[in-house]
Amino acid sequence: MPCAKSKSGLDRESVIAVTDPRLFGAFIEHLGRCVYGGIYEPGHPKSDKKGFRKDVLALVRELGPTIMRYPGGNFVSGYNWRTASVR
């Protein structure tokens, strides 16, 4: 029996509940080239004076995360919070 065709849509004006903006956050971890060679790459032509890639930061801004957690992911399980320094 063939499947019936259907359409679905999204009504952005219809509100069911308020969502906490922190839900749309993200994390950064040292996986592959995420940090070094990705977000942070001193000497790259598209890096700012602190070494952060301006092109990567522009793309992240398009995603609109409300919070960025670092360190994040599996890196956190081995992170020693007691010896970490905050600058």
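This passage describes the fold, the main pocket, the aromatic pairs and the salt bridges of a predicted model.

It helps to begin with the overall layout. The secondary structure of the protein consists of one helix and two strands, and read from the N terminus these elements follow the order β-α-β. Strand E1 covers residues 26–27 and helix H1 covers residues 54–63, with a loop between them, while strand E2 spans 68–69. The protein has 87 residues, of which 13% count as buried. Among contacts with a separation of 6 or more, 46% are made by residues 24 or more positions apart.

Attention turns next to the open space in the model. The largest pocket holds about 210 Å³. Its lining is made up of Ile-28, Val-35, Tyr-36, Ile-39, Tyr-40, Phe-52 and Tyr-70. Sorted by class, these are seven nonpolar residues, with no polar and no charged residues in the lining. Two groups of these lining residues are worth a visit in turn: Tyr-70 with its contacts, and the aromatic residues Tyr-36, Tyr-40 and Phe-52.

Tyr-70 sits in the segment after strand E2. With a relative accessibility of 45%, Tyr-70 is classed as partly exposed, because a residue must be over 50% to count as exposed. Leaving aside residues up to four places away in sequence, Tyr-70 touches Ile-28, His-30 and Val-35. Of these, Ile-28 and Val-35 also belong to the lining of the largest pocket, as does Tyr-70 itself. A further view of how the chain comes together here is given by Tyr-70 and Ala-26, which are 44 residues apart in sequence yet have their C-alpha atoms 9.0 Å apart in space.

The aromatic residues come next. The model contains two aromatic pairs. In one of them, the ring centres of Tyr-36 and Tyr-40 are 6.0 Å apart and the ring planes meet at 80°, so the arrangement is edge-to-face. The two partners fall into separate accessibility classes: Tyr-36 is exposed, at a relative accessible area of 55%, whereas Tyr-40 is partly exposed, at 29%. Tyr-40 also pairs with Phe-52; here the ring centres are 5.4 Å apart and the planes lie at 65°, so this pair is edge-to-face too. Both Tyr-40 and Phe-52 are found in the loop between E1 and H1, 12 residues apart, and the pair links distant parts of the chain. Phe-52 is partly exposed, with a relative accessible area of 32%. Taken together, Tyr-36, Tyr-40 and Phe-52 form one aromatic cluster, and each member of this cluster appears in the lining of the largest pocket.

A residue next in sequence to Phe-52 leads from the aromatic rings to the charged groups. Arg-53 lies in the loop between strand E1 and helix H1. At 11% relative accessibility Arg-53 is classed as buried, since the limit for that class is under 20%. Its contacts, not counting residues up to four places away in sequence, are Gly-37, Gly-38, Ile-39, Glu-41, His-44, Lys-46 and Ser-47. One of these, Ile-39, is also a lining residue of the largest pocket.

Side chains of opposite charge can pair when their charged atoms come close. Across the whole structure, two salt bridges are found. One joins the side chains of Arg-53 and Glu-41, with an N to O distance of 2.8 Å. This pair links distant parts of the chain, with both Arg-53 and Glu-41 in the loop between E1 and H1 and their positions 12 residues apart. Glu-41 is partly exposed, at a relative accessible area of 22%. Arg-53 also forms a salt bridge with Asp-55, where the closest N and O atoms are 2.7 Å apart. Asp-55 is partly exposed as well, with a relative accessible area of 24%. Through these shared partners, Glu-41, Arg-53 and Asp-55 are joined into one network.

Technical notes. Residues numbered from 1 in each chain as written. Predicted model: local features only at pLDDT ≥ 70, side-chain atom pairs only at ≥ 80, totals over all residues. Heavy atoms only, no water. 1 Å grid on protein atoms, 1.4 Å probe; cavity = no way out; pocket = protein on both sides within 12 Å on 5 of 7 lines; lining within 4 Å. Points joined across faces, edges and corners; volume = space filled by probe spheres on them. Nonpolar A, V, L, I, M, F, W, Y, C, P; charged D, E, K, R; others polar. Helix = DSSP H or I, 4+ residues; strand = E, 2+ residues; numbered from the N terminus. Buried < 20%, exposed > 50% of the residue type's maximum accessible area, 1.4 Å probe, protein only. Contact = heavy atoms within 4.5 Å. Salt bridge = Lys/Arg side-chain N within 4 Å of Asp/Glu carboxyl O. Phe/Tyr/Trp six-rings, centres within 6.5 Å; stacked < 30°, edge-to-face > 60°.
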